[in-house]
Amino acid sequence: MSSISGLGFGIYMAVDLALVADVLPDSASVAKDLGVMNIAGALLFSIGPALAPVVLAASGGSHAVLSAVAGACALRK
């Protein structure tokens, strides 16, 4: 089942990337625009782990507070 899910997600991502590249306004700066899109998608995965120790230190090491902050961030999105 997971192989079917992985195949479907891979096909979706390939089509999505092709559509994004196709609708970009300036064909001379496609690589720059795709790089900005990649950074925007990956930036949150870098910020979250960097902020977790700060939240843990501020809450006295409480993982319940960390979970509450993570949940609040997820609801905000």
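This is a short talk on two helices and a few side-chain contacts in a predicted model.

I'll start with helix α1, which covers residues 2-23. What is there to see in the way of aromatic pairs? The structure holds one. Its members are Phe9 and Tyr12, and the pair is tilted, with 6.4 Å from centre to centre and 35° between the planes. The angle is over 30 degrees but not over 60, so the pair counts as neither stacked nor edge-to-face. Both residues sit in α1, three residues apart, which is about one turn of the helix. In general, an α-helix has 3.6 residues a turn, so residues three or four places apart point the same way.

Are these two rings buried or exposed? Phe9 has 53% relative accessibility; the cut-off for exposed is over 50%, so Phe9 counts as exposed. Tyr12, at 47%, falls below that cut-off and therefore counts as partly exposed.

Next, helix α2, residues 30-58. With 29 residues at 1.5 Å a residue, α2 should span 42 Å, and its end C-alpha atoms are 42 Å apart, so the two values agree. Even so, α2 has a bend of about 35° at Ala42. After α2 comes Gly60, with a positive phi near 75°.

Last, charges. Side chains of opposite charge can pair when their charged atoms come close. How many salt bridges does a search of the whole structure find? It finds one. The side chains of Lys32 and Asp33 form it, at 3.2 Å from N to O. Lys32 has a relative accessible area of 53%, so Lys32 is exposed.

That's the end of my part.

Key:
Residues are numbered from 1 along each chain as its sequence is written. This is a predicted model: local features need pLDDT of at least 70, side-chain atom pairs count only at pLDDT 80 or more; totals for chains, interfaces and linings use all residues. Side-chain values use heavy atoms; hydrogens and water are left out. Rings of Phe, Tyr and Trp (its six-membered ring) pair if their centres lie within 6.5 Å; planes under 30 degrees apart count as stacked, over 60 as edge-to-face and the rest as tilted. Helices (H or I, at least four residues) and strands (E, at least two) are DSSP runs, numbered from the N terminus. Buried means under 20% relative accessible area, exposed over 50%, partly exposed in between (1.4 Å probe, protein chains only). The expected span of a helix is 1.5 Å times one less than its number of residues. The bend at a residue is the angle between axes fitted to the seven residues ending there and the seven starting there. A salt bridge is a side-chain nitrogen of Lys or Arg within 4 Å of a carboxyl oxygen of Asp or Glu.
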